[in-house]
Amino acid sequence: MEKNVIRIAELLETQTDSIVDTWKQEVAKKTKGKHLDEAALTDSMAELVRELSETLRAGNEGPTKDYKFHQGPIEHGAQRVRVGFDIEEVVTEYNILRDVLQDQAEGAGLDLTGDVGHMINDVLNAAMRLSIRAYVKERNAEASGLRQERLSFMMHDLKTPLSAIISASQILESSIHPERKENSEILQIIRRNADRMNGLLMRVVREEKYLATEPPVERRKVQPAQIVDSLLADIRPLSNRVQTTVRNEVDPKLVLHADPGLLAEVFQNLISNAIEFTRQGEVVIGADVRDHSVECWVKDSGKGIEADRIERVFHKFETDSSEGHGLGLAIVKKIVEAHGGKVGVQSEQGKGARFYFTIPM
């Protein structure tokens, strides 16, 4: 087997141009030349063939799982997004390459059956998986970029007239005679709703930022008890309105290595949710050291979660609130996982809920 594998690797090295030319002609037939020119079709394939040769040589000395590639398959998959291929055509390219290699080997008197054939297929499959992952990643990045661009335009187009409405209402309100109370109340309604709309726009931007990309984590020593105390001071008007008691039971001496801003975002989402669904009840925030991590939790005595929704609560757009968009818990999950932790919930309908997350020590 070793001798055959080395001869096949040598064939790939010496016949790279021939292999790529034959492959190119077959791919052009199968894809009908869609969105392609010669440079786009071949610029990464020659490098990929050379990497296949190197990988065969290296893989011959170890198990299949040890096959290593550089950038060939990755660049190949990313490039296919840019030239307009769909993912099925990426798979087709590899199947065509498989056939071309078979023909080239047979023409050189080499046998690709048995263990040697399995090894060639394993290497090609490993390369194809890398290309497909790179394709999906590039396509998602492209879609995210377009979404961000549209969001930026939308924000600009909405904020300009909104700012004008807020400014105009403030000027008019200050100039209305005290006796014209009804006009003043109308202007207050306009300004209040304009402020609310502005807040919603800011919330959309913040949520999109967290969900569209992996949030950068800047770890430092933080005391979660202090973060919770600060949040409770801001949230107190909300808890007072629904007559809910909120207690911070996090040990003031507890220290985490985490991003303070992102950690505050997690606690704010969990505490606000707990208060919203706990009227005239109690919300308790705590933390416990468990093995090599810290488990933080927010427990409430509210209405709880239906059994069929528990598995979905951290999904995007999953909400039981008429006010929310179902993104708060998805953001919590994204931030916690960026720290290397996990999220979870324990709940029984009518008996409250306990949301928790872990942060590695």
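User: Which residue with a positive phi follows helix α6?
Analyst: This is a predicted model, in which local features need pLDDT of at least 70, side-chain atom pairs count only at pLDDT 80 or more, and totals for chains, interfaces and linings use all residues. Residues are numbered from 1 along each chain as its sequence is written, and side-chain values use heavy atoms, leaving out hydrogens and water. Helix α6 spans residues 87-107, and the residue that follows the helix, with a phi near 75 degrees, is Gly109.

User: How far does α6 reach from its first C-alpha to its last?
Analyst: Helices (DSSP runs of H or I, at least four residues) and strands (E, at least two) are numbered from the N terminus. With 21 residues, α6 is expected to span 30 Å, taking 1.5 Å times one less than the number of residues. The reach in the model is close to that expectation, at 31 Å.

User: Which residue has a side-chain oxygen that reaches a backbone nitrogen at the start of α6?
Analyst: The backbone nitrogen belongs to Glu88, and the side-chain oxygen comes to within 3.2 Å of that atom. The residue that supplies the oxygen is Asp86.

User: Which residue of α6 forms a salt bridge with Arg80?
Analyst: A salt bridge places a side-chain nitrogen of Lys or Arg within 4 Å of a carboxyl oxygen of Asp or Glu, and a search of the whole structure finds 12 of them. Here the N to O distance is 2.8 Å, and because Arg80 lies in helix α5 (residues 72-82) and its partner in α6, the pair ties together parts 13 residues apart in sequence. Both partners are buried, that is, under 20% relative accessible area with a 1.4 Å probe and protein chains only, where exposed is over 50% and partly exposed lies in between. The partner of Arg80 is Glu93.

User: Which element gives the most residues to the largest nonpolar core?
Analyst: A nonpolar core joins buried Ala, Val, Leu, Ile, Met, Phe, Trp, Tyr and Cys residues through side-chain atoms within 4.5 Å, and the largest one has 42 residues, with Phe267, Ile271, Ile285, Phe355 and Phe357 making the most contacts inside it. Elements that each supply at least two residues include α9 (224-241), β4 (282-290) and β7 (353-360). The most, 9 residues, come from α10.

User: How many residues are in the second, separate core?
Analyst: This second core includes Ile8, Phe85, Leu97 and Leu110, and of these residues Leu97 is listed among the buried positions of α6. The number of residues in the second core is 35.

User: Which backbone nitrogen does the side chain of Asp300 reach?
Analyst: Asp300 lies in strand β5 (residues 293-300) and is buried without a salt bridge, since the nearest side chain of opposite charge, Lys299, is 9.4 Å away. Leaving out residues up to four places away in sequence, Asp300 touches residues including Ala274, Glu282 and Lys351, contact meaning heavy atoms within 4.5 Å. The side chain reaches a backbone nitrogen at 2.8 Å, that of Gly302.

User: Which residues does the salt-bridge network that includes Asp288 join?
Analyst: Asp288 and Arg290 form a salt bridge, with their closest N and O atoms 3.6 Å apart. Arg290 is partly exposed at a relative accessible area of 40%, and Asp288 is partly exposed at 31%. Through salt bridges that share partners, the network joins Asp288, Arg290, Glu295 and Arg354.

Note on methods
Lys, Arg positive; Asp, Glu negative; His and termini not counted. Polar contact = N/O pair within 3.5 Å; in protein donor to acceptor, adjacent residues only side chain to side chain.
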